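I opened my notebook today to look up ring contacts and charge pairs. Pull up a stool and read along.

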Amino acid sequence: MLPRGRPRAMGAAALLLLLLLFGFLLFDGRLRRAAALDGDPGAGPGDHNRSDCGPPPPRPSKCELLHVAIVCAGHNSSRDVITLVKSMLFYRKNPLHLHLVTDAVARNILEMLFHTWMVPAVHVSFYNAEELKSQVSWIPNKHYSGLYGLMKLVLPSALPAELAHVIVLDTDVTFASDISELWALFAHFSDTQAIGLVENQSDWYLGNLWKNHRPWPALGRGFNTGVILLRLDRLRQAGWEQMWRLTARRELLTLPATSLADQDIFNAVIKEHPGLVQPLPCVWNVQLSDHTLAERCYSAASDLKVIHWNSPKKLQVKNKHVEFFRNFYLTFLEYDGNLLRRELFGCPSQPPPGAEQLQQALAQLDEEDPCFEFRQQQLTVHRVHVTFLPHEPPPPRPHDVTLVAQLSMDRLQMLEALCRHWPGPMSLALYLTDAEAQQFLRFIEASPVLAARQDVAYHVVYREGPLYPVNQLRNVALAQALTPYVFLSDIDFLPAYSLYDYLRASIEQLGLGSQRKAALVVPAFETLHYRFSFPHSKVELLALLDVGALYTFRYHEWPRGHAPTDYARWREAQAPYRVQWAADYEPYVVVPRDCPRYDPRFVGFGWNKVAHIVELDAQEYELLVLPEAFTIHLPHAPSLDISRFRSSPTYRDCLQALKDEFHQDLSRHHGAAALKYLPALQQPQSPARG
């Protein structure tokens with residue numbers, strides 16, 4: 001969270017908004033020309049609820065809290081919710097309370113995301129979808145949404161009894177207007193109306209789409225439930241639960257299942273009780289289904305309020321204006337969510353957890369401090385989207401190991417090779433912008449190797465600030481590992497083909513865990529060649545080492561980083577052997593999942609792994625080198641942070657200041673034992689170090 005120093009980001013946001021408005025104007029012009037040539041596009045079904053009919057209702061008061069309910073399950077639906085929320089936040093002027101009915105997967109994702117997003121005046125409550133399944137599981141449903149597509153029916157009983165009004169949204173809608181305008185339509189309800197819906201914009205419920213098409217009963221064209229206004233208090237008083245259950249049971253005597261999930265049952269109830277429904281202007285649910293008549297609803301882009309991708313084809317649906325709608329959706333999909341952390345001026349609200357302390361810490365920073373960038377980056381709270389893609393947790397095994405690493409966009413090409421080398425579970429943190437996250441998604445989908453791996457968990461940490469938060473990324477990946485042990489690696493390394501099986505066997509044989517507190521060292525090597533034949537065994541590796549095709553890691557630039565591994569001893573070793581900690585030692589290790597976390601103060605380049613090994617040694621972890629294990633570093637262009645470290649004395653001075661502070665904290669935690677590390681911390685950093 002960076003409240004200061006954002007001119008570049010704000011410029012980008014302003015440009016994005018200008019492009020969006022320009023697109024609206026172009027679209028307006030095209031629609032108006034089409035209207036002049038073709039006649040009134042609103043004539044016919046749906047015209048009675050166009051947005052330009054009658055005076056607009058009064059807006060809710062500036063600081064009135066608006067309640068929104070969404071049902072969300074799984075990894076893909078969670079990504080859809082985020083895009084929907086971005087579009088709401090972009091236009092909103094009121095505080096929001098999101099009521100999210102989720103499965104365990106979506107809750108894990110969205111709870112972390114909203115906690116780290118820290119958006120002012122947004123409160124989030126979660127409801128366990130598992131507890132609601134029994135209320136709808138008896139209903140056969142052909143719709144792709146499954147059981148979760150029926151859960152809107154039980155919201156009056158699932159949401160708090162004191163909650164009287166709520167807007168209910170599908171995950172596949174995008175706002176093009178302030179949600180308070182939609183909330184204002186509650187004022188149009190009569191004393192008996194309890195459900196606000198937009199008319200269905202296809203002929204589905206007329207039953208004439210194909211031969212023998214028999215839809216559920218509906219009033220006229222029926223209504224679409226992608227956007228609903230619910231007067232929960234009135235529904236409870238009317239006996240909603242008994243009402244919809246009786247209707248559903250009766251219709252299921254002659255119909256095999258619902259085709260459109262909750263929408264079929266809502267329509268059947270409304271057919272029987274038409275006084276419940278308040279028709280809403282059609283622009284509040286512009287439906288882009290396969291047989292849509294949505295074009296009759298709008299004549300200008302300014303008419304649009306909510307766009308609903310209610311076809312299974314989603315963005316691939318055929319529609320006269322689909323390019324405009326698709327670009328509008330992509331604008332929010334790739335929009336920088338950090339820019340939505342804006343205050344609602346004039347609306348006092350409880351700040352997000354930790355926000356006040358963070359603001360106080362940021363306020364104490366001195367912008368004239370040469371290390372200001374480092375201090376600010378340490379305090380940045382990055383948005384975190386865990387399990388960005390579908391992921392199957394590994395089955396519980398007592399000695400299983402997850403490979404943990406972090407990467408940015410320029411290292412994506414390493415993923416396929418890594419998957420070929422490591423058949424076990426992985427937890428990877430990726431440092432990406434919102435737009436890069438979508439490029440990453442397409443990259444995975446285009447790769448048969450990566451798309452087939454359901455045991456690789458990808459966690460997106462959204463980019464913010466000038467320095468690479470390497471240890472924060474490692475901690476995200478480490479925290480999400482699900483096996484008892486973790487192999488702490490880097491993305492530029494390929495492990496031996498047999499390493500996964502060998503590590504599990506070694507953990508069992510050495511009695512790690514409760515019996516023995518140890519870190520298993522995997523010796524690191526490197527090649528300077530972009531193409532080389534990867535060794536299948538220690539014997540092959542030693543042969544490559546002897547002919548100069550491989551080197552011990554950083555042999556030419558920073559040999560002390562791995563010298564304590566004692567490669568000469570490793571050549572002959574037949575059994576694991578213990579080594580002692582030494583200054584600047586930074587091996588790649590296998591440790592229990594509950595090991596000490598990385599120190600997040602180390603951002604950019606330098607001392608990020610070294611500090612972690614110091615902490616392991618201070619907590620009395622044995623360092624055991626495995627005789628048959630190895631991992632090999634592949635060459636790549638230097639990162640920006642390495643280049644800055646090598647070229648900037650100020651950068652190196654700031655790193656030394658961080659080391660001094662690290663030792664002070666080490667002394668507080670470990671007392672006199674921390675004196676052991678003082679000489680190492682006082683050694684100057686070489687600018688040649690890589």
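Below are my entries on aromatic pairs, charges over rings and salt bridges.

**Entry 1: ring pairs.** I am working from a predicted model. My lookup gave 32 aromatic pairs. I picked out tyrosine 431 and tyrosine 468, whose ring centres are 5.4 Å apart with the planes at 85°, so I noted the pair as edge-to-face. Next I checked where the two sit. Tyrosine 431 belongs to strand S13 (residues 426-432), while tyrosine 468 is in the loop between strand S14 (456-462) and helix H16 (470-479), so this pair ties together parts 37 residues apart in sequence.

Are these two tyrosines buried or exposed? Tyrosine 431 has a relative accessible area of 5% and is buried. Tyrosine 468 comes out at 17%, which also counts as buried because the cut-off is under 20%.

**Entry 2: a ring cluster.** I then followed linked ring pairs and arrived at a cluster made of Phe90, Tyr91, Tyr298, Phe324, Phe325, Phe328, Phe332 and Tyr335. Phe90 has a charged visitor too: arginine 342 lies over its face, 5.9 Å from the ring centre.

**Entry 3: another charge over a ring.** I looked up tryptophan 138 and found the charged end of arginine 249 over its ring, at 4.1 Å from the centre.

**Entry 4: salt bridges.** How many salt bridges does the structure hold? I noted 40. One of them joins arginine 59 to glutamate 181, with 3.1 Å between the closest N and O atoms. Arginine 59 is in the loop between helix H1 (7-38) and strand S1 (66-72), and glutamate 181 is in helix H6 (residues 179-183), so the bridge ties together parts 122 residues apart in sequence. Arginine 59 is partly exposed at 46% relative accessible area, whereas glutamate 181 is buried at 17%.

**Entry 5: sequence neighbours.** I also wrote down the bridge between glutamate 251 and arginine 250, where the closest N and O atoms are 3.7 Å apart. Glutamate 251 is buried, with 14% relative accessibility, and arginine 250 is partly exposed, with 39%.

**Entry 6: a bridge inside a helix.** Arginine 668 and aspartate 665 meet through their side chains in a salt bridge of 2.1 Å, N to O. Both are in helix H22 (residues 649-670), three residues apart, or about one turn of the helix. Arginine 668 is exposed, at 60% relative accessible area.

**Entry 7: a network.** Last, I traced salt bridges with shared partners and found Arg59, Lys93, Asp178, Glu181 and Lys305 joined into one network. Arg59 and Glu181 are the pair I had written up in Entry 4.

Definitions and conventions: Residues are numbered from 1 along each chain as its sequence is written. This is a predicted model: local features need pLDDT of at least 70, side-chain atom pairs count only at pLDDT 80 or more; totals for chains, interfaces and linings use all residues. Side-chain values use heavy atoms; hydrogens and water are left out. Rings of Phe, Tyr and Trp (its six-membered ring) pair if their centres lie within 6.5 Å; planes under 30 degrees apart count as stacked, over 60 as edge-to-face and the rest as tilted. Helices (H or I, at least four residues) and strands (E, at least two) are DSSP runs, numbered from the N terminus. Buried means under 20% relative accessible area, exposed over 50%, partly exposed in between (1.4 Å probe, protein chains only). A charge sits over a ring if NZ of Lys or CZ of Arg is within 6 Å of the ring centre and within 35 degrees of the ring normal.
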